[in-house]
Amino acid sequence: MNDHYAIIDKPSNLPCHSTVDNHLENVLHQFESLTKKPALLGGRLDHDTSGLCVLSLGINFLRYYNMLLRTKTSKILDGESFTPIRKFYRAACLVNGDR
């Protein structure tokens, strides 16, 4: 975590944001409760998916992060250089009960 963002290792079976029937058990609410800082989701993972989530600690970083996702190029934010962003996925599949 720095002044602009936090990266959270989200476990499976936990939503990133509140649901209609539960606004407490989610990454965003838990982060805000622990840090006492408001946050915005930079992206989200499905309920059953584990992995890294980016939480923005301000609207300026959220706009910057969204632009990186759109263009996948490096830019400069407040004089700090950031490397190009990459997304990758790994899946485990069961076939006939074998992994």
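The protein contains two helices and five strands, where helices (H or I, at least four residues) and strands (E, at least two) are DSSP runs numbered from the N terminus. From the N terminus on, these elements follow the order β-α-β-β-α-β-β. This is a predicted model, in which local features need pLDDT of at least 70 and side-chain atom pairs count only at pLDDT 80 or more, whereas totals for chains, interfaces and linings use all residues. Residues are numbered from 1 along each chain as its sequence is written, and side-chain values use heavy atoms, with hydrogens and water left out.

Some values describe the chain as a whole. The protein has 99 residues, of which 27% count as buried; buried means under 20% relative accessible area, exposed means over 50%, and partly exposed lies in between (1.4 Å probe, protein chains only). About 7,500 Å² is exposed by the protein, with carbon and sulfur atoms supplying 52% of it, as computed by the Shrake-Rupley method with a 1.4 Å probe, for which, in the case of residues, only the protein chains shown count as cover. If one takes the contacts (heavy atoms within 4.5 Å) between residues at least 6 apart in sequence, 47% of them join residues at least 24 apart.

The sheet is the place to begin. Three strands form an open sheet in the order 1-3-2, with antiparallel pairing; two strands pair if DSSP finds at least two bridges between them. Its edges are strand 1 (5–10) and strand 2 (40–41), each of which pairs on one side only. Strand 1 is joined to strand 3 by six bridges, while two bridges join strand 2 to strand 3 (residues 51–56). Strand 3 is mostly covered, since five of its six residues are buried. Within the pairing of strand 2 and strand 3, Leu 41 stands opposite Leu 55.

Ser 56, in strand 3, links several of these elements. Tyr 5 has Ser 56 as its bridge partner in strand 3, and Leu 40 likewise has Ser 56 as its bridge partner there. Ser 56 has a relative accessible area of 1% and is therefore buried. Its side chain reaches the backbone nitrogen of Leu 62 at 3.1 Å, a polar contact being a pair of N or O atoms within 3.5 Å, where within protein one must be able to donate a hydrogen and the other to accept it, and residues adjacent in sequence count only if both atoms are side-chain atoms. Leaving aside neighbours within four places in sequence, the residues in contact with Ser 56 include His 4, Pro 38, Ala 39 and Phe 61.

Both helices lie across the three strands. Helix 1 (residues 27–35) lies across strand 1, strand 2 and strand 3 and runs at about 125° to strand 1, whereas helix 2 (residues 59–71) lies across these strands at about 130° to strand 3; axes are lines fitted to C-alpha atoms, for helices over the stretch in contact, and angles run from 0 to 180 degrees between N-to-C directions.

In helix 1, Val 27, Leu 28 and Phe 31 are buried. These residues lie on the same side of helix 1 because they cover an arc of only 95° around the axis, the arc being that of the directions from the helix axis to the C-beta atoms. The buried residues of helix 1 pack against strand 1, strand 2 and strand 3. At the N-terminal end, Asn 26 caps helix 1, with a side-chain oxygen 3.2 Å from the backbone nitrogen of Leu 28, and helix 1 is followed by Lys 36, whose phi is positive, near 60°.
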